[in-house]
Amino acid sequence: VEKVLHHAWADSTLTGYGYAVDRFLAFCTAEKIPKKFQLPADKFDLCAFAASGAGVHSGSTTRNNMAALKAWHIAQGQGDPLCLSHPWQGSSRLHYVLAGVQNLAPDSSKCPPRPPINSAVLRTLYEGLDFPCLRDVAVFAAACVAFWGQCQLGKILPNTRNDPALAPKPTRAHVSRSHRNKHATKLRLPRTKAIKSGDDVILVAQSNPINPQIALHALSKIHNIPSSAMLFAYQTPTGFRDPHLAKIP
């Protein structure tokens, strides 16, 4: 049961939830809350932990912390709403505490809207890159695929070079011609957070020089890259490298 239950949440979600649980346990230690009131968590302690974020965190951060604690309780066999002996103590009072944290959120916890990415930005990127540089070929291909395929970068690029979620990212072998439209290119995403079985991204021709098909074709011309390599891998004097979100070397 525990093995199956673990797959109820995405790996990235579990990682974030783990940090939230650690923060709660640190809070309990600092406030000298006995362990018997930590799991299952007492309703007052849940409210106190939520209130500790007032004026510091955004309302969404505090709500995510509560979601993490509820998931932690369920995974530990606690907090089931149908369990009369150990129900989740998310009371009406907690609901109003969370609303208060939301209203007291500092301006620093809110990021201002970023300017939208459009085709003009993509053209500016094209003009600023040096295409004899294979790294720039890979960067531009990734940008075109993300923009025209309406993909989050996290779906096509690993977060870091040692990202444990590297396997579900597309490789060169995941690019093919679409069966529905012979003029379109299909990129298979092996797995997404919402669709575990994967999904398809269809790319059609666009005006040059920001055509995703041409950008992918230029990428495919980089030699000595195995088909099993990440889609946007490029050649360097010491071998091929996989671009990632943390930093493109």
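A residue counts as buried when its relative accessible area is under 20%. By that criterion, 35% of the 249 residues of the chain are buried. The model is predicted. The chain exposes about 15200 Å². Carbon and sulfur atoms supply 56% of that exposed area.

The secondary structure comprises 9 helices and 5 strands. From the N terminus, the order of elements is α-α-α-α-α-α-α-α-β-β-β-α-β-β. The chain thus opens with a run of helices. Three strands follow, then a helix, and two strands close the series.

The overall dimensions were examined next. The C-alpha trace spans about 60 × 45 × 40 Å along its principal axes. The radius of gyration of the chain is 23 Å. For a compact globule of 249 residues, a value near 18 Å would be expected. Contacts were then considered by their separation in sequence. Among those between residues at least 6 apart, 55% join residues at least 24 apart.

Charge was treated in a similar way. The chain carries 28 positive and 15 negative charges. The mean position of the positive charges and that of the negative charges lie 5 Å apart.

The structure holds 0 disulfides. Cys144 takes part in none, and its nearest cysteine sulfur, that of Cys151, is 12 Å away. A disulfide requires a pair of cysteine sulfur atoms within 2.5 Å. The sulfur of Cys151 is therefore too far for a bond, since the closest cysteine sulfur, in Cys144, is 12 Å from it. Both cysteines were also checked for accessibility. Cys144 has 0% relative accessibility, so Cys144 counts as buried. Cys151, at 10% relative accessibility, counts as buried too.

Ser228 offers a view of a loop residue. This serine lies between α9, which covers residues 212-220, and β4, which covers residues 234-236. Ser228 is exposed, because its relative accessible area is 56% and exposed means over 50%. Ser228 can also be placed relative to Pro170. The two residues are 58 residues apart in sequence. In space, their C-alpha atoms are 9.1 Å apart.

Key
Residues numbered from 1 in each chain as written. Predicted model: local features only at pLDDT ≥ 70, side-chain atom pairs only at ≥ 80, totals over all residues. Heavy atoms only, no water. Helix = DSSP H or I, 4+ residues; strand = E, 2+ residues; numbered from the N terminus. Rg over C-alpha atoms; globule rule 2.2 N^0.38 Å. Buried < 20%, exposed > 50% of the residue type's maximum accessible area, 1.4 Å probe, protein only. Contact = heavy atoms within 4.5 Å. Areas by Shrake-Rupley, 256 points an atom, 1.4 Å probe, with all protein chains shown as cover. Lys, Arg positive; Asp, Glu negative; His and termini not counted. Charge placed at Lys NZ, Arg CZ, Asp CG, Glu CD.
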